[in-house]
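Here's a walk through the model, one piece at a time. Keep the 3D view open and follow along.

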Amino acid sequence: MDQKILMKNEIGKLYIELAEEYNFYAPVKEKGNIVFKKILNPDDIVLEYFNSKVPPKEVLFPEMEVLFEYSLDGKDVEIQDRQDLDEKNVIFGIRPCDAHGFALMATFFTAHGDCEDEIFMKKRANTILMGIGCNEPKSTCFCTSLGGHPFQKDDLDVMLTDLGEKYLVETISEKGKTFIQKLKWLADAKKKDVQQAQELSKKSEESFVTKLDLTDIDKILDPNFEHPIWKEISDICISCGTCSYLCPTCTCFDVIDETDEYNNRGRRIRIWDTCQSCLYTLHTSGHNPRNSCIERCRNRIMHKFSYYPKNYDQIGCVGCGRCVQLCPVNNDIRAILTKIKNIEKEEEISA
Amino acid sequence: MPNPYIPMLTKVKNIVSENKVNDIKTIELEFKNQEDYKAFNYIPGQFAEISLIGKGECPIGIASSPTEEGSIKFTIKKMGTVTSEFHNCEVGDTVGVRGPCGNGWPMEDLKGKNLVVIGGGFAFSTLRSLVLYVLDEKYRKDFGDITVIYGNRDSGEVLYGDVLEEWEKRDDINVVLTIDREEEDWTREVGFVAAIVKKVAPSPDNAVAVVCGPPIMIRTAVAELEQLGWKDYQILNSLEMRMKCGIGKCGRCNIGNKYVCVDGPVFSLEELKKLPNEY
């Protein structure tokens, strides 16, 4: 593993060197929130941040995205495919949990049916993830309950550790190795830098306040599909969908044609959708398989903690805690999971 | 791999109004590019995502049989935004087609079996495809006895009059048509589909029943079949679900961990009973 040092005051240099070849995305401050944006001026890059409000999934899977464009000519139609999928991207500063989110998205987008989601997969293949470990996780973080870690490297190409004035740079994937080799001016890391990084990682891990045991959670969920606990869990939910819009693993979308009638052209787009909306599953006939909030809340939990393990042998949550922080009624997913874990214990007691 | 959201382009060749109230039409499409037509290799029971570009896309079962060469057909009831637009389209209009999607009827497993096809209302389209396929001279010998029970509210709602007439003339298929209430000039059965199933009493021996229709019809017809000794694995259903992509990406058509668009739409009753009751 190559270990280098990137000084924080060299970020501008890094940007200038990469921006010609890559769309360089990094955290910036916008309306008081941290957002991952394509950088036009390296002075905008924010290095002191916890994480973005909207996960960087929006870089590769934006809230609104063109599937193709069309022009209409009487009875004829001409279709233009997207031309921008080969562009190269760097996402600088992505957190390990969100990088794992990309891995789960790629799993989902390739698992079902005969074709992959070519749009997402092409972009993903052309993207370098240059992540930064989390020195100070928040109280809402629970990645370690999901097999993750604030310094998890597996899903990154390059891993940075914030050592104060500088970053320790470690290449993880082959793609990351080639990428870093081009940055010849990076100094070599010293032994004490590596040691400091290890200490930070350990300290960070120890600071986690939430530790859930989610082993075999799917085996508890499946037989309790009709359990009254789902009513209890959904009672306060207002179906706003914040939890899923801001989830780094949620990928559901709607498809719509937008036509400019005056110019006879338009585009078919996809926009984020949420299983928390009653319209999401509403049939044209009026029938709705998930008609109440109970079924919709249950679907979100079942999808991540039962269907994901069943289909891909892993849990579909990364523990970033956004849904915990931003739920307007404080319906904490960690509390929901704890309630579910306790179903059997309580039944033993009452028996 | 190409962008899976881009449709192949077809032209409307013919439009047939299927019922008296004129809210069900069958649209016949011809591919603009013959390579696309060759690539559109389907079996009965599959569906496609069809679109009027600029108006929207929706999933519709394929009503034609692969044995009807040269074009494909979709029977569309005027229900929502896109289906209403389809009702306004004219011969020569361009229609986008993505597919074929879904698993379709398990044609290989049906070989050597007696088939009992039970349909109600306009859910008959992929059953039309299935029956035309098994009646084709190339395939008829692969299947045993064929019984079709097809029910409608009234005689004006009976789809595919032309093919039904052909089938009734043949001696290698038993066609039983029924309507809910008596009408003048109606010479076939009268009564709900379930009652007719009871009357016809198809034997479950070496047989498969294919049941499509409104939920209440499916429930009552299946109950009759169970009375007659049919087992869950012998009964096939085709499900409908709201869909956007048709290729297992947009998320909404899941029943438990299965996606109706790619794991279905055809499920045996045995498979359905293992899934959560969310359909």
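## Starting from one glutamine

Let's begin in helix 7 of chain B, where Gln227(B) is found. This is a predicted model, so treat everything below as a reading of a prediction. Is Gln227(B) buried or exposed? Gln227(B) is exposed, because there are 12 other C-beta atoms within 10 Å, and 12 or fewer is the cut-off for calling a residue exposed. If you want a landmark for scale, look for Glu137(B): Gln227(B) and Glu137(B) sit 90 residues apart in sequence, and their C-alpha atoms are 34 Å apart in space.

## Helix 6 of chain B and its cover

Helix 7 (215-227) of chain B also helps to cover the buried residues of helix 6 of chain B, and so do other elements including strand 7 (114-120), strand 8 (146-152), strand 9 (174-179) and strand 10 (189-190) of chain B. Which residues of helix 6 (residues 193-200) of chain B are buried? They are Val193(B), Ala194(B), Ile196(B) and Val197(B). These residues span an arc of only 160 degrees around the axis, so they end up on the same side of helix 6 of chain B. Right after helix 6 of chain B comes Ala201(B), with a positive phi near 45 degrees.

## The antiparallel sheet of chain B

Chain B has an open sheet of 6 strands, ordered 4-3-6-1-2-5, with antiparallel pairing. At its edges stand strand 4 (56-61) and strand 5 (72-77) of chain B; each has a single partner strand, so one side of each is left without a neighbour in the sheet. On average, neighbouring strands here are turned by 40 degrees against each other, direction ignored. Glu49(B) stands opposite Arg98(B), which is in strand 6 of chain B.

Helix 2 (residues 81-88) of chain B lies across strand 2 (24-31), strand 3, strand 4 and strand 5 of chain B, and runs at about 85 degrees to strand 4 of chain B.

## The mixed sheet of chain A

Over in chain A, an open sheet of 8 strands follows the order 3-2-6-7-8-9-1-10, with mixed pairing. Strand 3 (33-38) and strand 10 (187-188) of chain A are the edge strands; with a single partner strand each, one side of each is left without a neighbour in the sheet. Helix 5 (residues 174-181) of chain A packs on this sheet, touching strand 1 (3-7), strand 7 (127-132), strand 8 (158-162) and strand 9 (166-171) of chain A, and its direction makes about 130 degrees with that of strand 9 of chain A. Tyr25(A) faces Ile91(A), which stands opposite in strand 6 of chain A.

Here is one strand pair from each of the two sheets:

| Strand pair | Direction | Bridges |
|---|---|---|
| Strand 2 (residues 22-30) and strand 6 (residues 88-94) of chain A | parallel | 4 bridges |
| Strand 3 (residues 47-52) and strand 6 (residues 94-101) of chain B | antiparallel | 4 bridges |

## Cores and the chain contact

The largest nonpolar core has 70 residues, and those touching the most other members are Cys143(A), Phe305(A), Ala48(B), Ile50(B), Ile60(B), Phe74(B) and Cys261(B). Helix 10 (residues 293-312) of chain A gives the most to this core, with 6 residues. A second, separate core of 44 residues includes Val148(B), Tyr160(B), Ile196(B) and Ala221(B).

What does Ile50(B) touch, not counting residues up to four places away in sequence? Its partners are Glu57(B), Cys58(B), Ile60(B), Phe74(B), Val95(B), Gly96(B) and Val97(B).

Finally, the contact between the chains takes 41 residues from chain A and 34 residues from chain B. The chain B side divides into 15 nonpolar, 10 polar and 9 charged residues.

Key. Residues are numbered from 1 along each chain as its sequence is written. Chains are lettered from A and ligands numbered from 1 in the order in which they are written. This is a predicted model: local features need pLDDT of at least 70, side-chain atom pairs count only at pLDDT 80 or more; totals for chains, interfaces and linings use all residues. Two residues are in contact if their C-beta atoms, placed from the backbone, lie within 7 Å. Ala, Val, Leu, Ile, Met, Phe, Trp, Tyr, Cys and Pro count as nonpolar, Asp, Glu, Lys and Arg as charged, and the others, Gly among them, as polar. Two strands pair if DSSP finds at least two bridges between them. Helices (H or I, at least four residues) and strands (E, at least two) are DSSP runs, numbered from the N terminus. Axes are lines fitted to C-alpha atoms, for helices over the stretch in contact, and angles run from 0 to 180 degrees between N-to-C directions. A nonpolar core is a set of buried Ala, Val, Leu, Ile, Met, Phe, Trp, Tyr and Cys residues joined through C-beta atoms within 7 Å. A residue is buried if 20 or more other C-beta atoms lie within 10 Å of its own, exposed if 12 or fewer, and partly exposed in between; C-beta atoms are placed from the backbone. The arc is that of the directions from the helix axis to the C-beta atoms.
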